[in-house]
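Please find below a colleague's note on this structure, written for someone who has not looked at it before. It is set out as numbered points, to be read with the model in view.

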Amino acid sequence: MVSASGAEPRSGVYYFSQGWKLVLEPGIKRFVLMPLLVNILLMGGAFWWLFSRLDVWVPTLLSYVPDWLQWLSYLIWPLAVISILLVFGYFFSTIANWIAAPFNGLLAEQLEARLTGATPPDTGIAGIMKDVPRIMKREWQKLSWYLPRALVLLVLYFIPGIGQTIAPVLWFLFSAWMLAIQYCDYPFDNHKVPFKEMRISLREKKVINMQFGSLVSLFTLIPFLNLVIMPVAVCGATAMWVDCYRPKHAMWK
């Protein structure tokens, strides 16, 4: 069990590591099953297809490299691969999170109850069904915030030189921040904290959240581990919520 509500916050690395422990907590594993199943089916199939297409997409991306940067091709090639993995991984993890959002919210709610001893207002399938419209509206808010920024970064990929050097770094940092928002939002939304207020709260502890989001982003790129990362990230983000945000924002105690 992580520290009690109101304890001093730890690093994002700590909360990410806690996620791997908490998914195995007795009484929690059954709430992990649905997010895990969604992630395995979608991410497993998506990455299998991606790896069959890399030999076509990487040369296409490298074709935008100007002649005066060809001497750096041995460095730019792995950056091109990482860029494709980052964009592709985040795109399909977003779809998986849309599908699994109600179950991720339930997992965050049940884990918070276990960590704090608090009693959530709604549990079970009836509670999930009642909250689905609100949860889907919240997912749309996240997507609406994300898309304009992602499109700007994607345009950078088609600028010779910049698209193969700077853009992958910017995309990784953006993905790390967006994944912190994605997973931390589940416990925030369970307490009906507005999306804008949630983002402001996360910015107040930006280093912790960037550490956490960076690790989630990295593990999304690793075959097999990326199949289980969704419930791990939900559990880690919920542990962070309990320590860092619950004392101020909790609606039920």
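The points below go from the whole chain to single helices and residues.

1. This is a predicted model, in which local features need pLDDT of at least 70 and side-chain atom pairs count only at pLDDT 80 or more, whereas totals for chains, interfaces and linings use all residues. Residues are numbered from 1 along each chain as its sequence is written, and side-chain values use heavy atoms, with hydrogens and water left out.

2. The chain has nine helices and zero strands, where helices (H or I, at least four residues) and strands (E, at least two) are DSSP runs numbered from the N terminus. Of its 253 residues, 54% are buried, a term that means under 20% relative accessible area, with exposed meaning over 50% and partly exposed in between (1.4 Å probe, protein chains only). Among contacts (heavy atoms within 4.5 Å) between residues at least 6 apart in sequence, 80% join residues at least 24 apart.

3. The largest nonpolar core, meaning a set of buried Ala, Val, Leu, Ile, Met, Phe, Trp, Tyr and Cys residues joined through side-chain atoms within 4.5 Å, has 69 residues, and those with the most contacts inside it include Tyr 146, Phe 212 and Met 240. Two or more residues are given to this core by each of α1, α2 (29-51), α4 (73-116), α5 (124-156), α6, α7, α8 and α9.

4. How do the axes of helix α8 and helix α9 cross? The axes of α8 (residues 206-220) and α9 (residues 229-249), which are lines fitted to C-alpha atoms over the stretch in contact, with angles from 0 to 180 degrees between N-to-C directions, come within 11 Å and cross at roughly 175°. That makes α8 roughly antiparallel to α9, a label used for angles over 145 degrees. Residues making the contact include Phe 212 and Val 216 of α8 and Ala 233 and Met 240 of α9.

5. Leaving aside neighbours within four places in sequence, Phe 212 is in contact with residues including Tyr 15, Phe 16, Tyr 183, Ala 237 and Met 240. Tyr 15 and Phe 16 are among the buried residues of helix α1 (residues 12-22), together with Gly 12, Gln 18, Gly 19 and Leu 22. These buried residues cover an arc of only 155° around the axis, which puts them on the same side of α1; the arc is that of the directions from the helix axis to the C-beta atoms.

6. Lys 192 has a positive phi of about 60° although it is not a glycine. This residue is found in the loop between α6 (162-190) and α7 (195-204), and Lys 192 is partly exposed, with a relative accessible area of 45%.

Conventions. Parallel < 35°, antiparallel > 145°, perpendicular 65-115°, else oblique.
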